[in-house]
Amino acid sequence: MQVPLWLALLVIGYLGVKLIRPPAWLIAVLILGGFLLADSVLAPAVNSLIK
């Protein structure tokens with residue numbers, strides 16, 4: 001069974017918020033920070049660090 005990545009991330013995010021209950025500002029900072037980092041000069045460095 002193949003599940004689209006967006007669906008898997010949506011389910012994992014929903015379960016994480018329901019089970020761990022992080023504050024809303026932390027969720028916003030993580031989403032905004034990831035969005036801004038993905039389009040920055042640091043993106044290749046982070047990518048090579050992860051791989």
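These are my notebook entries on one predicted protein model, covering the overall build first and single residues afterwards.

**Overall build**

I began with the secondary structure of this predicted model, and I counted 3 helices and 0 strands in the protein, which read along the sequence as the pattern α-α-α. I then looked up the extent of the chain: along the principal axes, the C-alpha atoms fill a box of roughly 35 × 35 × 15 Å. The radius of gyration came out at 14 Å, whereas a compact globule of 51 residues would have a value near 10 Å.

I next asked how much of the protein is covered, and I noted that buried residues make up 0% of the 51 residues. The exposed area is about 4900 Å², and I recorded that carbon and sulfur atoms supply 77% of it.

**Helix α1**

I checked the length of α1 against the rise of 1.5 Å a residue: its 16 residues should span 22 Å, and the end C-alpha atoms, being 22 Å apart, agree with that. I found α1 hardly covered, with a count of 0 buried residues among its 16 residues.

Two residues of this helix I looked up singly. Leu19 lies in α1, and I entered it as exposed because its relative accessibility is 71%, over the 50% cut-off. Ala8 also has its place in α1, but I entered Ala8 as partly exposed, because its relative accessible area of 28% falls between the 20% and 50% limits. From Ala8 I took one distance along the way to Ala28, which is 20 residues apart from it in the chain, and the two C-alpha atoms are separated by 19 Å.

**Nonpolar patch**

Which residues make the nonpolar surface patch of about 1200 Å²? I listed Met1, Val3, Trp6, Leu7, Leu10, Val11, Tyr14, Leu15, Leu19 and Ile20. Leu19, entered above as an exposed residue, is thus one of the members of this patch. I keep beside this list the general point that an α-helix has 3.6 residues a turn, so residues three or four places apart point the same way.

**The loop after α1**

I followed the chain past α1 (5-20) to Arg21, which sits in the loop leading to α2 (24-38). The phi of Arg21 is near 55°, and I marked this as a positive value in a residue other than glycine. Is Arg21 buried or exposed? I entered Arg21 as exposed, because its relative accessibility is 61% and the cut-off is over 50%.

**Helix α2 and the loop to α3**

I repeated the length check on α2, where 15 residues at 1.5 Å a residue should span 21 Å, and the end C-alpha atoms are 21 Å apart, in agreement. I found α2 hardly covered too, since the count of buried residues among its 15 residues is 0.

Beyond α2 I stopped at Ser40, which is found in the loop between α2 and α3 (43-50). What does the side chain of Ser40 reach? I noted the backbone oxygen of Leu37, at 3.0 Å. I entered Ser40 as partly exposed, because its relative accessible area is 28%.

Terms used: Residues numbered from 1 in each chain as written. Predicted model: local features only at pLDDT ≥ 70, side-chain atom pairs only at ≥ 80, totals over all residues. Heavy atoms only, no water. Helix = DSSP H or I, 4+ residues; strand = E, 2+ residues; numbered from the N terminus. Buried < 20%, exposed > 50% of the residue type's maximum accessible area, 1.4 Å probe, protein only. Expected span 1.5 Å × (residues − 1). Rg over C-alpha atoms; globule rule 2.2 N^0.38 Å. Areas by Shrake-Rupley, 256 points an atom, 1.4 Å probe, with all protein chains shown as cover. Patch = residues over 30% accessible without salt bridge, like charges linked within 9 Å, V, L, I, M, F, W, Y side chains within 5 Å. Salt bridge = Lys/Arg side-chain N within 4 Å of Asp/Glu carboxyl O. Polar contact = N/O pair within 3.5 Å; in protein donor to acceptor, adjacent residues only side chain to side chain.
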